[in-house]
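Visitor: I'm new to this one. Can you put it on screen and walk me through it?

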Amino acid sequence: MVTPEVVCHDLVARYGRRTVLRGVSARIPRGAVTAVAGANGAGKSSLLNVLAGVLKPSAGTLTMASQRRPAYVVQRSEVTDTLPITVRAAVAMGRWAHRGHWRRLRKQDWAVVEDCMALLNIGDLARRPLGTLSGGQRQRTLVAQGLAQEADLLLLDEPSAGLDLDAQVRIEDALGYVVRSGVTVVRVTHDWDVARRAGHCLLLDRGRVVGEGVPGSVLVTR
Ligand SMILES: Nc1ncnc2c1ncn2[C@@H]1O[C@H](COP(=O)(O)OP(=O)(O)OP(=O)(O)O)[C@@H](O)[C@H]1O
């Protein structure tokens, strides 16, 4: 296996008294897509939260190759529709990781913002307020915001769920592009075709890893 970007060893995580990850060990390969699959409530989003640093594990170790903060594209439903900002401003928020939100973005930052909007084909929506977008347009905006962070590790929670084919293809192409440039992608998905196309797969069940490896071997009998 190629060098791991992230190594999880025996991770345990809880929300209050509810244990949601129970001894999760995994090696996330660098510069590839890892699909995190499993039934509702299996702990997929919780694992992403741990990788993002949002949920602190109560036991186990997490080793990240990169010092840089991961980019995290949360589920669309978790983002308020009423944020009174435009698409361009939302994507530009991705640059705050580099500049800090109290500092003005530089020309190079705006160039990255434009590139990311172009990659997701939302350049013509740049001036539209977030609240006026369709679900698929908003999701593409969130993915563009994640890409604009230029992180080494990009985490996405069901980025293509409920999207039309065109939006799905855009997102897949954009993810393919960043992976080819060396970024490590971890994506939660319920779509087994998406999981099969990933380079690596993690299958969770009730907070435990029940399969890890190439998708063909992990998903074959299920
Ligand atoms: N904020 C929270 N507080 C308490 N329990 C939570 C919280 N978020 C998730 N859980 C619980 O943690 C468990 C794992 O949830 P998680 O969202 O990680 O699963 P999932 O595999 O992503 O599910 P889904 O496919 O439905 O999105 C579930 O039992 C869920 O009810």
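Guide: We'll go through the sheets, the helices on them and the ligand.

Guide: This is a predicted model: local features need pLDDT of at least 70, side-chain atom pairs count only at pLDDT 80 or more, and totals for chains, interfaces and linings use all residues. Residues are numbered from 1 along each chain as its sequence is written.

Visitor: OK. What is the strand order in the open sheet of three strands?

Guide: The order is β2-β1-β4, with antiparallel pairing. Strands here are DSSP runs of E, at least two residues, and helices are runs of H or I, at least four; both are numbered from the N terminus. Two strands pair if DSSP finds at least two bridges between them.

Visitor: Which strands are at the edges?

Guide: β2 (18-29) and β4 (59-64). Each pairs on one side only.

Visitor: How many bridges join β1 to β2?

Guide: Nine, with β1 covering residues 4-15. One pair to look up: Arg 14 has Thr 19 of β2 as its bridge partner.

Visitor: And which helix packs on that sheet?

Guide: Helix α1, residues 44-52. Helix α1 touches β1, β2 and β4. Contact means C-beta atoms, placed from the backbone, within 7 Å. The direction of α1 makes about 65 degrees with that of β2. Axes are lines fitted to C-alpha atoms, for helices over the stretch in contact, and angles run from 0 to 180 degrees between N-to-C directions.

Visitor: Switching topic. Which residues are around the ligand?

Guide: Among them are Tyr 15, Arg 18, Val 20, Asn 40, Lys 44 and Ser 45. A residue is near if its C-beta atom, placed from the backbone, lies within 6 Å.

Visitor: Which element gives the largest share of that shell?

Guide: α1, with three residues. The elements that give two or more are β2 and α1.

Visitor: What's the mix by class?

Guide: Three nonpolar, six polar and two charged residues. Nonpolar covers Ala, Val, Leu, Ile, Met, Phe, Trp, Tyr, Cys and Pro; charged covers Asp, Glu, Lys and Arg; the others, Gly among them, are polar.

Visitor: Now the sheet of six strands. What's its order?

Guide: β5-β6-β7-β3-β8-β9, an open sheet with mixed pairing.

Visitor: Why do β5 and β9 each have one side without a neighbour in the sheet?

Guide: β5 (71-73) and β9 (208-213) stand at the edges with a single partner strand each, so one side of each is left without a neighbour.

Visitor: How do β8 and β9 pair?

Guide: Antiparallel, over five bridges, with β8 at residues 200-205. Leu 202 has Glu 212 of β9 as its bridge partner.

Visitor: Which strands does helix α6 lie across?

Guide: β3 (33-38), β6 (153-157) and β7 (184-188). Helix α6 covers residues 165-180 and runs at about 145 degrees to β7.

Key: Two residues are in contact if their C-beta atoms, placed from the backbone, lie within 7 Å.
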